[in-house]
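Visitor: Can you put the model up? I'd like to go through a few residues and then the packing.
Guide: Here it is.

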Amino acid sequence: MNCLKLINGCEMPMVGLGTWRAQPQEIEIAVESALENGYRHIDTAFNYNTEESIGKIIEKWIASGKGKREDLFITTKLPNFGNRPTDVKRFLELSLGKLNLSFVDLYLIHMPFSFQCNETTLTPLVNEDGTFALDINNDIIGTWKEMEKQVENGLTKTIGLSNFNAEQVQRIYEAAEIKPAVLQVELHAYLQQKDLRRICENLNIAVTAYSPLGSPGANTHFSMKYNYKIDDFPNILENPVVQSLAEKYEKTPGQILLKHLVQENISVIPKSGNPERIKANINLYDFELSEEDLTKLDDLDKKEAGRIFNFLFFKGVEKHPEYPFEIQKGK
Ligand SMILES: NC(=O)c1ccc[n+]([C@@H]2O[C@H](COP(=O)([O-])OP(=O)(O)OC[C@H]3O[C@@H](n4cnc5c(N)ncnc54)[C@H](OP(=O)(O)O)[C@@H]3O)[C@@H](O)[C@H]2O)c1
């Protein structure tokens, strides 16, 4: 299995199964099919509502003798409404309870900004005017120190960050005793994050690409849930360069997009509920893209303009002092 060796010596498989927006009826089939097809890395989060189903399938898989817990690399994340030192252990234990595991392999701070917690629903607290109740006193260094304690407590092997910008990553890195091992960010052909990748490489932080296919399918989700314009969403799979490379290499457009990243040492966590696509998405090692074709894909980068996940659907989030992104005109 192709893995990235992390700063603490753990090995993170290059390809993992993403599970955001996986429907309850599809998630168990997806995880089962992923394990059958050689996936050993599964990405979830407290707020994806997939942890229980993942835990159920892992338990079944181990009981059937097909593999052991130590063969797996399971990632979950501290939610943005639990983003404070006093809540880290509580939310990690809640996730472990749902996953039915005694530890995870990687625990990430999901987002650098934080909201107050609605304790009844364990979701972000929303004000009467629809804005999200910001917790502006959040101390990301203090939260990181609590993350470190969870490694010492044995509840997670590795800790890392998600959606942090370069300055925030550096700030955590400098204050950390246990350095962040992984940064998980949106990364695909239209948002290639070259500067952030260089910084991570210098700090020995592995990068995981979320939405590596450009999250097709999120367009209807966003337009129905948050009133976004469907045309704002890119369709990278149908980009003519990607299509022509798919034809040339006799691969799917999805495999071309994923290979572009893994060949540059980025781990990927494509989500699929479809067994055929699950199988294709990990079958990336029987071909190599030529230097010339890698350059063609590199040239598709739209930098910040290619970002899909600016989190502005959390109304008012941009007023949080740790909001990480530049706001693009027209978004
Ligand atoms: N840290 C964060 O803040 C954050 C944010 C977003 C996502 N994530 C993680 O990253 C994972 C992946 O991101 P994502 O789900 O946004 O997007 P993605 O993996 O780029 O795309 C998933 C979509 O692509 C379709 N698909 C999968 N394989 C395909 C293929 N080979 N050809 C064509 N279509 C294909 C899937 O549909 P089918 O299911 O029908 O195949 C699904 O609609 C998430 O599931 C989650 O685990 C993390």
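Visitor: What does H110 touch, leaving out residues up to four places away in sequence?
Guide: This is a predicted model, and in it H110 touches A45, N47, Y48, K77, L78, S162 and N163.

Visitor: Where is H110, then?
Guide: H110 sits in the loop between β6 (104-109) and β7 (117-118).

Visitor: Buried or exposed?
Guide: Buried: the relative accessible area of H110 is 7%, and the cut-off for buried is under 20%.

Visitor: What does UniProt list for H110?
Guide: The UniProt record, an unreviewed entry, lists H110 under "binding site".

Visitor: And which feature does UniProt place at Y48?
Guide: That one is "active site", again from an unreviewed entry. Y48 is in the loop between β4 (41-43) and α2. Its relative accessible area is 15%, so Y48 counts as buried.

Visitor: What is Y48 in contact with, beyond its neighbours within four places in sequence?
Guide: T19, W20, D43, K77 and H110. K77 is also in the list for H110.

Visitor: Change of topic. How many residues are in the largest nonpolar core?
Guide: It has 83 residues, and Y107, L183 and I256 are those with the most contacts inside it. A second, separate core has 17 residues, including F222, F311, F313 and F325.

Visitor: Is there a general reason why nonpolar side chains would be buried together?
Guide: As a tendency, nonpolar side chains in soluble globular proteins are buried together.

Visitor: Back to Y107. What is it in contact with, sequence neighbours within four places aside?
Guide: Its contacts are T76, K77, L78, V88, F91, L92, M147, T156, T158, I159 and G160.

Visitor: On to helices. At what angle do the axes of α2 and α3 cross?
Guide: Roughly 45 degrees, with the axes coming within 7 Å. Helix α2 covers residues 51-63 and helix α3 covers residues 88-99. The two are therefore oblique to each other.

Visitor: Which residues meet there?
Guide: From α2, E51, E52, I54 and G55; from α3, S95, K98 and L99. By type, the contact has two nonpolar, two polar and three charged residues.

Visitor: Last thing, backbone angles. What is phi for R21?
Guide: About 70 degrees, a positive value although R21 is not a glycine. R21 is in the loop between β3 (17-18) and α1 (24-36), and at 23% relative accessibility it counts as partly exposed.

Visitor: And N204, what's phi there?
Guide: Near 60 degrees, also positive in a residue other than glycine. N204 lies in the loop between α6 (194-203) and β11 (206-210). With a relative accessible area of 45%, N204 is partly exposed.

Conventions: Residues numbered from 1 in each chain as written. Predicted model: local features only at pLDDT ≥ 70, side-chain atom pairs only at ≥ 80, totals over all residues. Heavy atoms only, no water. Core = buried A, V, L, I, M, F, W, Y, C linked by side-chain atoms within 4.5 Å. Buried < 20%, exposed > 50% of the residue type's maximum accessible area, 1.4 Å probe, protein only. Contact = heavy atoms within 4.5 Å. Axes fitted to C-alpha atoms, helices over the stretch in contact; angles between N-to-C directions. Helix = DSSP H or I, 4+ residues; strand = E, 2+ residues; numbered from the N terminus. Parallel < 35°, antiparallel > 145°, perpendicular 65-115°, else oblique. Nonpolar A, V, L, I, M, F, W, Y, C, P; charged D, E, K, R; others polar. UniProt positions renumbered as here; feature names shortened; annotations may be inferred.
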